[in-house]
Amino acid sequence: MSRVYSGPWVFGRLIEDRAQRFGDEIAIIAATGDLSYGQLRDRAARVGGALSTLGIQPGQRVATMLDPTPAYVAAWFGIAWCGAVDVPINTALKGEFLRHILASSQATALVVHARWVERLDGLDLPDLRSVIVVGSVDPAPRGGGESAHQTTTFDDLLAADPVPFTERAEDDLLYIMYTSGTTGPAKGVMHNNRSALWNARAWIDILELTERDVAYSMFPLFHVTARSAVVTASLWGGTPAVLRERFTASGFLDDVRETGATWFGYMGAIIQLLWRQPERDDDADNDLRVAFGAAAPPTLIEPFQQRFGVELLEVYGSTELGPATAPRPGRVKRGTMGRACEHVEVEVHDAEGHRCPPGVRGEIVARPAVPFGMFQGYWRQPEATLEAFRNLWFHTGDGGVMDEEGYLTFTDRISDSLRRRGENISSFEVERAVQDHPGVLEAAAYAVPSELTEDEVMVAVVAMEGVTVEPAELFAHCVEQMPYFAVPRYLRIMAELPKTPSQRVQKFKLRADGVTPDSVDRTALGIEVGRD
């Protein structure tokens with residue numbers, strides 16, 4: 001009998017079903033202890049009951065600010081259990097960044113680790129009434145004036161009596177996940193039960209998951225990758241998920257072997273860091289079969305797969321859409337991010353809203369192919385929602401090209417596009433080529449003004465630890481790897497790139513800096529680029 005969930009598209013129902021069918025089996029594997037499906041339900045029922053006692057009503061918002069541990073899973077599941085709406089918060093946030101999300105979401109309670117409680121001091125949060133702290137806590141009220149709130153411990157919640165879950169509809173709001181806000185204040189992406197579960201259910205098909213699979217995650221649970229693609233997808237499939245609080249390149253494979261993990265998610269830098277570990281004879285001696293992500297250096301994909309015995313699937317998606325396009329294991333068209341997933345329609349449109357012919361670049365747009373197949377809009381921002389959904393398509397702000405078979409190639413964030421000497425240049429492609437250099441860990445390509453017309457290409461790079469990147473050598477690498485018009489004119493070597501708290505590069509800051517005194521001009525080194 002299949003272990004895949006087939007009941008109502010309601011998160012509380014999913015938790016209950018898994019516990020009834022697989023109660024004593026392990027669901028979560030973590031450094032601080034494993035949890036069975038039955039224990040997950042019990043903790044959800046206790047936390048949900050305690051939250052209700054604190055006055056949390058169905059539909060009210062409860063924020064979470066925790067590391068990816070069993071405590072986070074219990075808090076998240078307990079919030080859903082009592083019908084409240086979870087608001088995951090990046091643990092790096094502080095000051096106005098933190099205040100904005102708590103105030104915008106109108107969260108009445110916050111579950112937070114003890115080491116971050118002091119960040120609430122001085123913030124104007126009149127809606128926040130309860131702070132539940134994981135770890136040791138000072139029980140005195142914190143904040144000031146209208147922002148004063150009472151603290152309690154998460155252990156107290158876990159000691160509460162369990163209660164039945166609060167019935168919710170498929171279209172009831174489940175969580176609000178805030179975007180990183182690279183160009184303005186973070187926006188709250190609203191997902192109801194059905195759209196949130198589609199974000200997870202789609203991975204069963206994309207990765208062709210079976211009862212033999214074990215997921216591995218080193219990402220935070222305030223991001224959609226770990227929350228939906230790993231934990232909830234594993235819950236839906238009735239298989240275990242390994243949660244790690246951070247990624248370590250040196251210990252990754254040993255941990256994967258020990259846990260029996262068969263799949264994981266990645267970002268491009270992870271692939272590079274693993275590849276640059278000392279090669280071992282047993283690199284492929286593991287249970288891994290597939291991994292998914294984006295921005296893996298193209299030249300590394302095939303050798304990486306051979307060395308580690310795992311297939312890499314490059315996918316396209318977002319907080320709003322979940323996975324939107326993806327290949328399937330063994331059916332990959334390299335250079336693309338696959339075809340549209342079952343729950344969404346995906347097209348590429350021009351500036352007038354017309355569908356672009358195959359091979360012509362435009363903006364990637366999407367709409368649901370099933371009821372509530374994607375997010376419902378931005379929390380308390382109707383104007384931004386209407387703008388994003390103009391012409392009844394959600395406009396992603398991403399540039400792309402679709403071929404005759406419907407395979408999508410991501411080209412760039414439209415705001416990051418460059419144009420030089422009459423040629424459109426993808427900063428994404430420039431970055432991937434630069435990151436193929438063995439000394440480069442990260443790269444950000446962006447436009448700076450040209451003394452002629454249009455743009456000059458500039459790239460900021462962060463070197464691998466302990467490595468010195470020689471500008472002339474890196475420029476020579478670019479000449480070899482790129483078309484002449486895309487080769488950067490300027491290079492800036494930095495200790496780190498400016499980023500949002502969710503680790504997205506803030507290119508607007510780099511563009512504002514322009515050509516800095518520490519930048520290297522390729523032409524000053526006598527490196528010219530011809531058309532050959």
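**Aromatic pairs, strands and cavities**

The structure, a predicted model, holds 21 aromatic pairs. One of them joins phenylalanine 304 and phenylalanine 308, whose rings are tilted at 45° between the planes and lie 4.5 Å centre to centre. Both residues belong to helix α10, where 4 residues, about one turn of the helix, set them apart. Phenylalanine 304 has a relative accessibility of 2% and phenylalanine 308 has 4%, so both count as buried. A tilted pair is also formed by phenylalanine 389 and phenylalanine 394, again with 45° between the planes, and here the centres are 5.6 Å apart. The two partners of this pair fall into separate accessibility classes. Phenylalanine 389, at 22% relative accessibility, is partly exposed because buried means under 20%, whereas phenylalanine 394 is buried at 3%. Beyond these pairs, Tyr5, Trp9, Trp198 and Trp236 come together as one aromatic cluster.

Helix α10, which carries the pair of phenylalanine 304 and phenylalanine 308, also takes part in a crossover, and its two flanking strands are a good place to continue. Strand β13 covers residues 290-294, and 4 of these 5 residues are buried. On one side, β13 pairs with strand β12 (residues 263-267) through 5 bridges in the parallel sense. Within this pairing, tyrosine 266 has glycine 293 of β13 as its bridge partner. Strand β14 (residues 311-314) is likewise parallel to β13, and 4 bridges join the two. Here alanine 291 stands opposite leucine 312 of β14. From β13 the chain passes through helix α10 (residues 298-308) and on to β14, making a right-handed β-α-β crossover.

A second group of strands can be followed around β20. This strand runs over residues 394-402, and because 8 of its 9 residues are buried, β20 is largely enclosed by the rest of the structure. Phenylalanine 394, described above as buried, lies within this residue range. Strand β19 (residues 362-368) is antiparallel to β20, with 4 bridges joining them; in this arrangement glutamate 363 meets glycine 399 of β20 as its bridge partner. β20 also pairs with strand β21 (residues 408-413), antiparallel as well, over 5 bridges. In that pairing, aspartate 398 is found opposite arginine 413 of β21. The hairpin of β20 and β21 has 5 residues between the strands, and glycine 406 adopts a positive phi near 85° in this hairpin.

An open sheet of 3 strands follows the order β15-β16-β17, with antiparallel pairing. Its edges are β15 (316-318) and β17 (339-340); each has a single partner strand, so one side of each is left without a neighbour in the sheet. β15 is joined to strand β16 (residues 322-326) by 3 bridges in the antiparallel sense. Serine 318 has glycine 322 of β16 as its bridge partner.

Attention now turns to the empty space inside the model. Rolling a probe the size of a water molecule over the atoms shows where such space is left. The count comes to 4 cavities of 30 Å³ or more. The largest cavity has a volume of about 60 Å³. Its lining consists of Val10, Phe11, Gly12, Ala80, Gly83, Ala84, Phe165, Thr166, Arg168, Leu173, Leu174 and Asn193. Two elements, α1 (11-22) and β8 (173-178), each give two or more residues to this lining. By residue class, the lining of the largest cavity has 7 nonpolar, 4 polar and 1 charged.

The second largest cavity holds about 50 Å³ of space. Around the second largest cavity stand Phe11, Trp76, Leu174, Tyr175, Ala196, Leu197, Arg227, Ser228 and Thr232. Two or more residues of this lining come from each of β8, α6 (193-206) and α7 (224-237), and α7 gives the most, with 3 residues. The lining of the second largest cavity divides into 6 nonpolar, 2 polar and 1 charged. Phe11 and Leu174 appear in the linings of both the largest and the second largest cavity.

Technical notes: Residues are numbered from 1 along each chain as its sequence is written. This is a predicted model: local features need pLDDT of at least 70, side-chain atom pairs count only at pLDDT 80 or more; totals for chains, interfaces and linings use all residues. Side-chain values use heavy atoms; hydrogens and water are left out. On a 1 Å grid over the protein atoms alone, a cavity is a set of points where a 1.4 Å probe fits but cannot get out, and a pocket is an open set with protein on both sides within 12 Å along at least five of seven lines; lining residues have an atom within 4 Å of a point. Grid points are joined across faces, edges and corners, and a volume is the space filled by probe spheres set on the points. Ala, Val, Leu, Ile, Met, Phe, Trp, Tyr, Cys and Pro count as nonpolar, Asp, Glu, Lys and Arg as charged, and the others, Gly among them, as polar. Buried means under 20% relative accessible area, exposed over 50%, partly exposed in between (1.4 Å probe, protein chains only). Two strands pair if DSSP finds at least two bridges between them. A crossover is right-handed if, with the strands pointing away from the viewer, the path from the first strand over the helix to the second runs clockwise. Rings of Phe, Tyr and Trp (its six-membered ring) pair if their centres lie within 6.5 Å; planes under 30 degrees apart count as stacked, over 60 as edge-to-face and the rest as tilted.
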